[in-house]
Amino acid sequence: MTLLALGINHRTASVAVREQVAFTPTQLESALAELRSLPQINEAAVLSTCNRTELYCVTDAAGEQVVLDWLGRFHNLRVEDLSRCAYHYLDNDAARHLMRVAVGLDSMVLGEPQILGQLKDAYQQARQAKGLGGELERLFQHTFAVAKQVRTETGIGKNPVSVAYAAVSMASRIFDDFSRARALLIGAGETIELVARHLHEAGVRQLTVANRTRERAEQVSSPLGGNAITLSEIPDALEYADIVISSTASPLPILGKGMVERALKKRRHRPVFMVDIAVPRDIEPQVGELADVFLYTVDDLEEVIQENRRHRQVAADQAESLIEHGVGNWLHERRIRKGGELIRDYRRHGEAIRDHSREQALERLARGEDPAKVIERMAHQLANRLMHHPTLALREAASQENHELLNAMPQLLLPAKPAFEQPARPVKRQKDDTPA
């Protein structure tokens, strides 16, 4: 059987295609059941995120085409269209790909940590759907161990590489306790939504989102337990804000020096951390001249991001080395397991032949046949039956000039020393007639 990883991701397919191939949570159970029921599929797991859909299967030799055909049928897509943006890996390459995915080396944001949690969810869903057998179960467990080692021994996830995360990271340098900080976010686009999530995860519980429309602000703030206001309410909210992060499409500044000065007086000059991510700027540059304001722009963040990308790349190189070591260990364990399975199968075959020969011998003895002849016949039949298949294999290997198999056969079939070697007879020495 073959280990297969087949899928599409942000590098091979557009968002429009990824949306069509993605599995919703309600689809996953039926999808796993369908995939697992295919005759060529022994085990199956499905990883589906906004950036990738991947199927991990234990299949027969033609498994990749079967899985691709099934994926097209399930989503009502042409297989020809899917094949243009799909990739597949087999055996050790499939294991390597899964480990790279788990560590974040195959992600849009290098080293991002969310993918490992998503992969663990996919593993649990496959287990619940009885899609996992010994092969995938061991591979996933091995992958999680490698991912933990990479996270522990490298800095792959320590340095922020997005504008939103970099802004929050810079704020953490100023505020020791985020749980007591109040944040005002201006705008409600994707960047502010990410900033809101990062702040909430960092411990900020008092969150206000200001936007041109209150409805959109509520969509961002409500899931996090925050408040929503309109842009006209910013002057009042500014008085209470310890953190201000702005990212709108406004052509003119939203926060001027005068507005911030008035807020600082009401705050009794408690410091404010501000990040202006917008281009053009949302916050007048003169605001940065105020003594109690720490103002950063997107250019300041970009320097942090570039430096952190360099650090992550060094960590990524270290991670690749750990993954190669992990793949090597997995392959070694897999070979040992396959060897053990082969030994068990071979022993069961030999024991079946032994039991059959013994039963035949006992039946002959029960009929009163000569015990010596019964034993001789049993030994002859037992030897022939045990040697029959290896003999056929040797003849076939010789006719096909399969030198690899021919060279291995002596080591497999012939002991270095005969198992039942007859003791050497003493040689009778003659008297030495040579004259002295």
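This passage walks through confidence, cores, salt bridges, backbone oddities and a surface patch in a predicted model.

The model is a prediction, so local features were kept only at pLDDT of at least 70 and side-chain atom pairs only at pLDDT 80 or more, while totals for chains, interfaces and linings use all residues. Residues are numbered from 1 along each chain as its sequence is written, and side-chain values use heavy atoms, with hydrogens and water left out.

Confidence comes first. With pLDDT being the predictor's confidence in each residue, from 0 to 100, the protein averages 88, and 94% of its residues reach 70 or more. Among the elements (helices are DSSP runs of H or I with at least four residues, strands are runs of E with at least two, numbered from the N terminus), strand β7, residues 227-230, does best at a mean of 97, and α15 sits lowest at 77. Over residues 432-436 the pLDDT drops below 50, and this stretch makes zero contacts in the model beyond near neighbours in sequence; a contact here means heavy atoms within 4.5 Å.

Next, the inside. Nonpolar side chains in soluble globular proteins tend to be buried together. A nonpolar core is taken as a set of buried Ala, Val, Leu, Ile, Met, Phe, Trp, Tyr and Cys residues joined through side-chain atoms within 4.5 Å. Buried means under 20% relative accessible area, exposed means over 50%, and partly exposed covers what lies in between (1.4 Å probe, protein chains only). The largest core has 37 residues, and Leu-3, Met-99, Leu-136, Leu-139 and Phe-140 have the most contacts inside it. Two or more residues each come from β1 (2-9), β2 (41-48), β3 (52-59), α5 (92-103), α6, α7 and α13 (298-366). Of these, α13 puts in the most, with eight residues. A second core of 31 residues lies apart from that one, and its members include Ala-181, Ala-196, Val-220 and Leu-301. Back in the largest core, Leu-139 touches Leu-3, Ala-95, Leu-98, Met-99 and Trp-330, leaving out residues up to four places away in sequence.

A polar residue is tucked away too. Asn-211 belongs to strand β6, residues 206-211, and it counts as buried because its relative accessibility is 14%. Setting aside neighbours within four places in sequence, Asn-211 contacts Gly-187, Ala-188, Arg-216, Ala-217, Ile-229, Thr-230 and Leu-231.

Then there are the charges. A salt bridge is scored when a side-chain nitrogen of Lys or Arg lies within 4 Å of a carboxyl oxygen of Asp or Glu, and the whole structure holds 21 of them. Arg-52 pairs with Glu-54, with the closest N and O atoms 2.9 Å apart. Both partners are out of sight: Arg-52 counts as buried at 3% relative accessibility, and Glu-54 is buried at 1%. Asp-91 and Arg-334 also meet in a salt bridge, at 3.3 Å from N to O. This pair ties together distant parts of the chain, 243 residues apart, with Asp-91 in the loop between β4 (87-90) and α5 and Arg-334 in helix α13. Here Asp-91 is partly exposed at 24%, whereas Arg-334 is buried at 8%. Arg-367 bridges to Glu-369, again with 3.3 Å between the closest N and O atoms; Arg-367 is exposed at 57% and Glu-369 is partly exposed at 33%. Shared partners also knit Arg-11, Arg-52, Glu-54, Arg-100, Asp-106 and Glu-320 into one salt-bridge network.

On the backbone side, most residues other than glycine have a negative phi. Lys-130 has a positive phi, near 60 degrees. Lys-130 lies in the loop between α6 (114-128) and α7 (134-153) and is exposed, with a relative accessible area of 67%. Glu-401 has a positive phi of about 55 degrees although it is not a glycine. Glu-401 sits in the loop between α14 (371-399) and α15, and at 57% relative accessibility it counts as exposed.

Finally, the surface. Patches are built from residues with over 30% relative accessible area and no salt bridge, joining like charges within 9 Å and nonpolar side chains (Val, Leu, Ile, Met, Phe, Trp, Tyr) within 5 Å. Accessible areas come from the Shrake-Rupley method with a 1.4 Å probe, and for residues only the protein chains shown count as cover. Leu-394, Leu-412, Leu-413 and Leu-414 make up a nonpolar surface patch with about 380 Å² of accessible area together. Leu-413 lies in helix α15, residues 403-413, and is partly exposed at 37% relative accessibility.
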